[in-house]
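Grab a pencil and work through a few short exercises. Try each task yourself before reading its solution.

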Amino acid sequence: MHRVGSSGNTTNSTRPRKEKRLTYVLNDADDTKHCAGIMCLAVLKSPVADASDYLFTGSRDGTLKKWELAEDSVTYSATFESHVDWVSDCVLASDNTLVSCSSDTTLKTWDCLSDGTCTRTLRQHSDYVTCLATAEKNSNLVASGGLGAEVFIWDIEAALTPVSKSNESPEDDSPNGVNGSGNSLPITSLRTISSSNSISMHPTQPHGYVPVAAKGHKESVYALAMNDPGSILVSGGTEKVVRVWDPRSGAKTMKLRGHTDNIRALLLDPTGRYCLSGSSDSMIRLWDLGQQRCVHSYAVHTDSVWALSSTPSFSHVYSGGRDSSLYVTDLATRESLLLCTKEHPIQQLALHDDGIWVATTDSSVHKWPVEGRNPQKAFQRGVSFLAGNLSFSRARVPAYKEPTFSIPGTPTIVQHKILNNKRHVLTKDTADSVKLWEITRGIVVEDYGTVSFEEKKEKLFEMVSIPSWFTVDTRLGNLSVHLDTPQCFSAEMYSVDLGISGRPEDDKVNLARETLKGLLPHWLAKRRHRLGHQASTNGDVSSSARSLAHSKIEVDGISENESTTVYPPFEFSTVCPPSIITEGSQGGPWRKKITDLDGTEDEKDFPWWVLDCVLNNRLPPRENTKVLIRVYDLCRCSFYLQPCEGSSVQILTQGKLSAPRILRIHKVVNYVVEKMVLDQPLDSLNPDGTSSSSSGIAGVSLQHTTAGDFRSGLKSWQKLRPSIEILCNNQVLSPDMSLATVRAYIWKKSEDLTLNYRLAQGNLKKCLRFTFAAIHLQVVLGIFVEGFLCLRKLQGIILILPELSWGPCKFGF
């Protein structure tokens, strides 16, 4: 049991520490597309005239994707995968650096020109990070805000500078691009900007960089913006006010009031004099920071305004929001025009040449032709209106019907159901397509198309009971399967039921253990190759043997080849591999595809129980904690075995029996037959009829008495055995049912299961027919023999016949 002291508790009481989980995300067949809503956009303009520009998209699926923009096409380029939750925002910083933020509370920096290299993970926020802002002419400066009422101002160049290591304060260089401790970055000094404009110094760790922390906010921050030089920062959120900061000194300069609901979007003109704000009150306001007042209000939308983007001259603003409409507004004349109407709410906008990229809650991205270089041309295509106190009853006709480019995504999973066999999950997506996933292989085994989810769920119902060894959610748009120790090791199945050949019929397979082995074969192979290569390079053969010994341990009679073999029901696809989300002892959570693991990951990256299972083929030792003992008990089922009421069949035992939950009823039948026909199981007899020395019990134990062995397989004497029926609650049980299924669907009580046995009704009738036939045969034979003897005597021939006895017992009475 791992224990840590309770926070705020001065006594010696302790509480159990929750072990780190492992999650794997099942990817769609086409992993080049997003599978959830698009949260952010960023356009990288090429400095060379003939070179391609790039579009970066961040999604709720936890990834960013890079797209190459040609004049007449859009091509997928790379996936940036490291965040473990929604990607909330992204901006371009200096030196081709992309900065992203996420609901996983981190910021990450990426090399824009790479195929997805995460160069740094920055940890300072205490809650979801929702927004970023950067200065056009000082792009090394980036601000971040989040739900923890925090705003941090980062010097990206300083944040990316390697921290000098020391023996007192080591920093781990994680292969997953995670900074050292997994907590806050080590810092020299922290300037806290309070609401009273005072700057206080906080004692911190002696090494490294940390950003300026603006703590004037009392509630969540949803929007940030900076002017081109980076001399002014504005922020807004649930407090309904716009706060203005000087990021160079850390001082709060003003507070602007006027909105009646959350502020969701902000823009600053290049000089920093004017500020645009969009709010959930459906209004867009223009603020003069010099006069510290609102100079214009624009009533354009019918619902919350979530996204703003302006022309370089700050003469026109493009806006979108919850009403799924995109508008352009002349800030001087207040003339507005509906450009297009979409099916989904608009979350972010990005101008690119004469068009504008639009991100929505859908997984697709579209570019609309909005005359970005000369917005006045757009007003000639439709009917404009004055963005004032306007009645919205009048219908508005969009100026554009179709986008010029579209980057399609895949449908998002919105509904799921774990089936009773605990290996299949039924899903429904936004396209109303119903699919059946096999989570131990990470693939879609059946695509039913557009059918009723509820009807299909009923058709797939199976009367089986297997412990819940995993949980599932669809937060990232696809299935995320969570494994938590020790609960995940509670489910077992027989090899024969999984279709695994070459194994004994009684061979049990732990589903979580085999799933982990199926997820990490690439990592294990690369790890062994790396360890062997390092040892051979150093010329130390014995060291190589010691290094590999950890992964070659033989446990419970299982050889190395058997322990590393991945059975077919647990083989994951390498064409569309799942992604792992987990964390070890250092560095914090991370995410990678299973094929991208390079073998360097160790206990700093993986939970200890995962490594112990994959490398040593060991499950968590049950003696370590009471929880593990309870999980072990989940794998077994206690029950009583008694004759049916009124039956003349002998009583086999008075004790309580315990057997694996997955034990089939036909094995209980075998046990009853063995006890009825013999005084001991036939398997314990040698061919000559003598008893063998082994009398162990496999798979079943008694609390008070000794029971026979529940074994499978046809025995030589079973052709002559009586036919036995097992009942529960007066219902005859199918031989293929497991004890767990009987308990869940037939017994339906909390107390120990009670099973009854009797001679099968069909077998009893056969026995009676045989008995009557034997009696009839005896009478006929008696008459024949007596007549024959009389005839021989009459002929004077003396014949001595052996004594004949026709007792009923000879016929099995």
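### Exercise 1: A pair with a buried partner

Asp-288 counts as buried, because its relative accessibility is 2% and the cut-off is under 20%. Keep in mind that this is a predicted model.

**Task.** Find out which residue forms a salt bridge with Asp-288, and where the two sit.

**Solution.**
- Step 1: Look for the partner. Asp-288 pairs with Arg-273, and their closest N and O atoms are 3.3 Å apart.
- Step 2: Place both ends. Asp-288 belongs to strand 24 (residues 283–288), while Arg-273 is in the loop between strand 22 (263–268) and strand 23 (274–279). The two are 15 residues apart, and the pair links distant parts of the chain.
- Step 3: Check Arg-273. With 44% relative accessibility, Arg-273 counts as partly exposed.

### Exercise 2: A long reach along the chain

**Task.** Work out why the salt bridge between Lys-593 and Asp-31 ties together parts far apart in sequence.

**Solution.**
- Step 1: Start with the distance. The two side chains meet at 2.7 Å, N to O.
- Step 2: Locate them. Lys-593 is in strand 44 and Asp-31 is in the loop between strand 3 and strand 4 (38–44), so the bridge joins parts 562 residues apart in sequence.
- Step 3: Compare with the cut-offs. Lys-593 has 12% relative accessibility and counts as buried; Asp-31, at 23%, counts as partly exposed.
- Step 4: Widen the view. Asp-31 and Lys-593 belong to a salt-bridge network together with Glu-81 and Arg-591.

### Exercise 3: An empty space inside

**Task.** Describe what lines the largest cavity.

**Solution.**
- Step 1: Count first. There are 3 cavities of 30 Å³ or more, and the largest has a volume of about 120 Å³.
- Step 2: List the lining. Of its 19 residues, Asn-27, Asp-31, Lys-33, Cys-35 and Asp-61 lie nearest the centre.
- Step 3: Name the elements. Strand 6 (63–69), strand 7 (74–81) and strand 44 (590–593) each give two or more residues to the lining.
- Step 4: Sort by class. The lining has 9 charged, 7 polar and 3 nonpolar residues.

### Exercise 4: The largest nonpolar core

**Task.** Which element gives the most residues to the largest nonpolar core?

**Solution.**
- Step 1: Meet the core. Among its 42 residues, those touching the most other members include Leu-22, Trp-523 and Phe-606.
- Step 2: Find the contributors. Elements giving two or more residues include strand 3 (22–25), helix 6 (521–538) and helix 9 (608–616).
- Step 3: Pick the winner. Helix 9 gives the most, with 6 residues.

Terms used: Residues are numbered from 1 along each chain as its sequence is written. This is a predicted model: local features need pLDDT of at least 70, side-chain atom pairs count only at pLDDT 80 or more; totals for chains, interfaces and linings use all residues. Side-chain values use heavy atoms; hydrogens and water are left out. A nonpolar core is a set of buried Ala, Val, Leu, Ile, Met, Phe, Trp, Tyr and Cys residues joined through side-chain atoms within 4.5 Å. Buried means under 20% relative accessible area, exposed over 50%, partly exposed in between (1.4 Å probe, protein chains only). Helices (H or I, at least four residues) and strands (E, at least two) are DSSP runs, numbered from the N terminus. On a 1 Å grid over the protein atoms alone, a cavity is a set of points where a 1.4 Å probe fits but cannot get out, and a pocket is an open set with protein on both sides within 12 Å along at least five of seven lines; lining residues have an atom within 4 Å of a point. Grid points are joined across faces, edges and corners, and a volume is the space filled by probe spheres set on the points. Ala, Val, Leu, Ile, Met, Phe, Trp, Tyr, Cys and Pro count as nonpolar, Asp, Glu, Lys and Arg as charged, and the others, Gly among them, as polar. A salt bridge is a side-chain nitrogen of Lys or Arg within 4 Å of a carboxyl oxygen of Asp or Glu.
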